[in-house]
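Here are my notes on this model, set out as numbered points. Please read them with the structure open.

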Amino acid sequence: MDPTLVSEIMRDAVGVCIKLGAPMLLLSMLVGVVVAIFQAVTQIHEQTISFILKLIVVVTVLLVGGSWMMGTLQDYA
């Protein structure tokens, strides 16, 4: 294989990984910041609140965008 082709395939693979992972990561980070601010204001320091809310957000993103994610992976493959 030509090194140029290999580098193009790897660049596309990294792009697909970023495109698929970004919605879950960004939304879970946003929820984490909002919960951290809420916990700081109310002085409630329960770790399960943040975990459960992040889990709910990630599962919801997977349910809503799962077909798009699968289509993107199939197009790449």
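1. Helix 1 and helix 2 are roughly antiparallel to each other. The reason is the angle: their axes cross at roughly 160 degrees, and anything over 145 degrees counts as roughly antiparallel. Keep in mind throughout that this is a predicted model.

2. Now the packing of the pair. Helix 1 covers residues 3-42 and helix 2 covers residues 47-76. Their axes come within 10 Å. The crossing of helix 1 past helix 2 is right-handed. Sorted by class, the residues in this contact are 19 nonpolar, five polar and three charged.

3. Which residues make up the largest nonpolar core? There are seven: Val16, Leu20, Val31, Val35, Val57, Val61 and Met69. Helix 1 and helix 2 are the elements that each give two or more residues to this core. Helix 1 supplies the largest share, with four residues.

4. Leu20 deserves a look of its own. This core residue is in contact with Trp68, Met69, Thr72 and Leu73, once neighbours within four places in sequence are set aside. Met69 is on that contact list and is also a member of the core.

5. Ser28: buried or exposed? Ser28 sits in helix 1. Its relative accessibility is 13%, so Ser28 counts as buried; the cut-off for buried is under 20%. Leaving out residues up to four places away in sequence, Ser28 touches Lys54, Val57 and Val58. Of these partners, Val57 is listed in the largest nonpolar core.

6. Cys17 is another helix 1 residue. Cys17 has 54% relative accessibility and therefore counts as exposed, as the cut-off for exposed is over 50%. How far apart are Cys17 and Thr72 in sequence and in space? In sequence they are separated by 55 residues; in space, C-alpha to C-alpha, by 9.9 Å. Thr72 is also one of the contacts of Leu20.

7. Check the backbone at Gln43. Gln43 lies in the loop between helix 1 and helix 2. Its phi is near 55 degrees, a positive value in a residue other than glycine. Most residues other than glycine have a negative phi. Gln43 is exposed, because its relative accessible area is 64%.

8. To recap, the picture is of two roughly antiparallel helices that cross in a right-handed sense. Both give two or more residues to the largest nonpolar core. In helix 1, Ser28 is buried and Cys17 is exposed. The loop between the helices holds Gln43, with its positive phi.

Methods: Residues are numbered from 1 along each chain as its sequence is written. This is a predicted model: local features need pLDDT of at least 70, side-chain atom pairs count only at pLDDT 80 or more; totals for chains, interfaces and linings use all residues. Side-chain values use heavy atoms; hydrogens and water are left out. Axes are lines fitted to C-alpha atoms, for helices over the stretch in contact, and angles run from 0 to 180 degrees between N-to-C directions. Angles under 35 degrees count as roughly parallel, over 145 as roughly antiparallel, 65 to 115 as roughly perpendicular and the rest as oblique. A crossing is left-handed if the near helix is turned anticlockwise from the far one by less than a right angle, and right-handed if clockwise. Ala, Val, Leu, Ile, Met, Phe, Trp, Tyr, Cys and Pro count as nonpolar, Asp, Glu, Lys and Arg as charged, and the others, Gly among them, as polar. A nonpolar core is a set of buried Ala, Val, Leu, Ile, Met, Phe, Trp, Tyr and Cys residues joined through side-chain atoms within 4.5 Å. Buried means under 20% relative accessible area, exposed over 50%, partly exposed in between (1.4 Å probe, protein chains only). Contact means heavy atoms within 4.5 Å.
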